[in-house]
Amino acid sequence: MLSTEPRTYLRRGKVRDLYALDDERLLLVASDRVSAFDVVLPTPIPDKGAVLTGLSRAWFAATADIVPNHLLGVPDDPDVRGRAMICRRARVLPVEVIVRGYLSGNGWAAYRERGGIAGQRLPAGLRESDRLPEPIVTPSTKEEGGRHDELVDDATFVRLVGSTALADEVRAAALTLYRFAAARAAAAGLILADTKFEFGLGEPDGRLLLVDELLTPDSSRYWDAAAYAPGGPQASFDKQYLRDWLDASGWDHRPPGPELPAEVVAGTRGRYVEAFERLTGGRFERYRQEDHVGP
């Protein structure tokens, strides 16, 4: 895409801005905005948009033979360089497809309350951060207007995507992607505890596509394998560090969110950059300067 190619603004998400290039292509621009507990915080995290974009591009390339995705290329516009992707249009499915290999976050909360997650029973006696016997798919709704997403059972999942066949295809694709990514992460000394996928149906062929971002610190929970000790929270390379600070601050999770102190901004940025470098094998500074993914 030439830097002078016209684009039409469509909408602003919590982190990304979406533009139309033509009837077949979209421009997805990742900002440095950060959200937590479904609230966009007033303090940006420098370079966050570039980390999310660079990692997504690397994972889209690595998984293209598993599930096709919406990535077509990158723009040369200097205003969005390194933070934007040109994507094919798709009809996005109205669910977030969460795959969990470990018990953490709202999955841990659901297990303590009900002994399972999204209608799926789990063995008794599991601890926080324990590895599950097998990865499980726990879909959730995609709420708007600051409302919290809700985990849904299998019947609701089928209803939301439109058919049992499509739900089965999405579930199988998500589990295959998770196992592939978990093995890649393990080779980098990281545990992929859980991750969120978004899928769409390509236009006009209707084939299943991965869309949005992929396996980033925003959409995934990455732990340091060397420090893994089940029975409590783990050393992480994702938003958990930020969530923990917010919880300790006394904020009630209602907008507006608090300003972040400099040390929390630096700590969050450092964890995102380290995740990028460990997972891609490349230096983030090189990517930022040259828009290059990989070593």
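In which loop is the place of Leu215? In this predicted model, Leu215 is found in the loop between β14 and β15. The residue has a positive phi of about 55° although it is not a glycine. Leu215 counts as buried because its relative accessibility is 0%, and the cut-off for a buried residue is under 20%.

A positive phi is also found at Phe37, where the angle is near 55° in a residue other than glycine. Phe37 belongs to the loop between β4 (35–36) and β5 (39–40). With a relative accessibility of 22%, Phe37 counts as partly exposed. This class applies because the value lies between the limits of 20% for buried and 50% for exposed residues.

The loop that holds Leu215 leads to the strand β15, which comprises residues 220–224. Strand β15 is mostly covered, with five of its five residues buried. The cover extends to both faces of the strand. On one side, Ser220, Tyr222 and Asp224 are buried, and on the other side the buried residues are Arg221 and Trp223. Strand β15 pairs with β13 (residues 190–202) in the antiparallel sense, and five bridges are found between them. Within this pairing, Arg221 of β15 has Asp194 standing opposite.

Two cis peptide bonds may be described next, each with a proline as its second residue. One of them runs from Glu203 to Pro204, with omega near 5°. Pro204 lies in the loop between β13 and β14 (208–211). The other cis bond joins Pro255 and Pro256, and its omega is about 0°. Pro256 is placed in the loop between the helices α5 (240–249) and α6 (262–280).

A further proline, Pro6, is located in the segment before β1 (8–12). Pro6 counts as exposed because its relative accessibility of 62% is over the cut-off of 50%. When neighbours within four places in sequence are left aside, Pro6 is in contact with Ala20 and Leu21. Pro6 and Asp212 are separated by 206 residues in sequence, and the distance between their C-alpha atoms is 22 Å.

Definitions and conventions. Residues are numbered from 1 along each chain as its sequence is written. This is a predicted model: local features need pLDDT of at least 70, side-chain atom pairs count only at pLDDT 80 or more; totals for chains, interfaces and linings use all residues. Side-chain values use heavy atoms; hydrogens and water are left out. Buried means under 20% relative accessible area, exposed over 50%, partly exposed in between (1.4 Å probe, protein chains only). Helices (H or I, at least four residues) and strands (E, at least two) are DSSP runs, numbered from the N terminus. Two strands pair if DSSP finds at least two bridges between them. Contact means heavy atoms within 4.5 Å.
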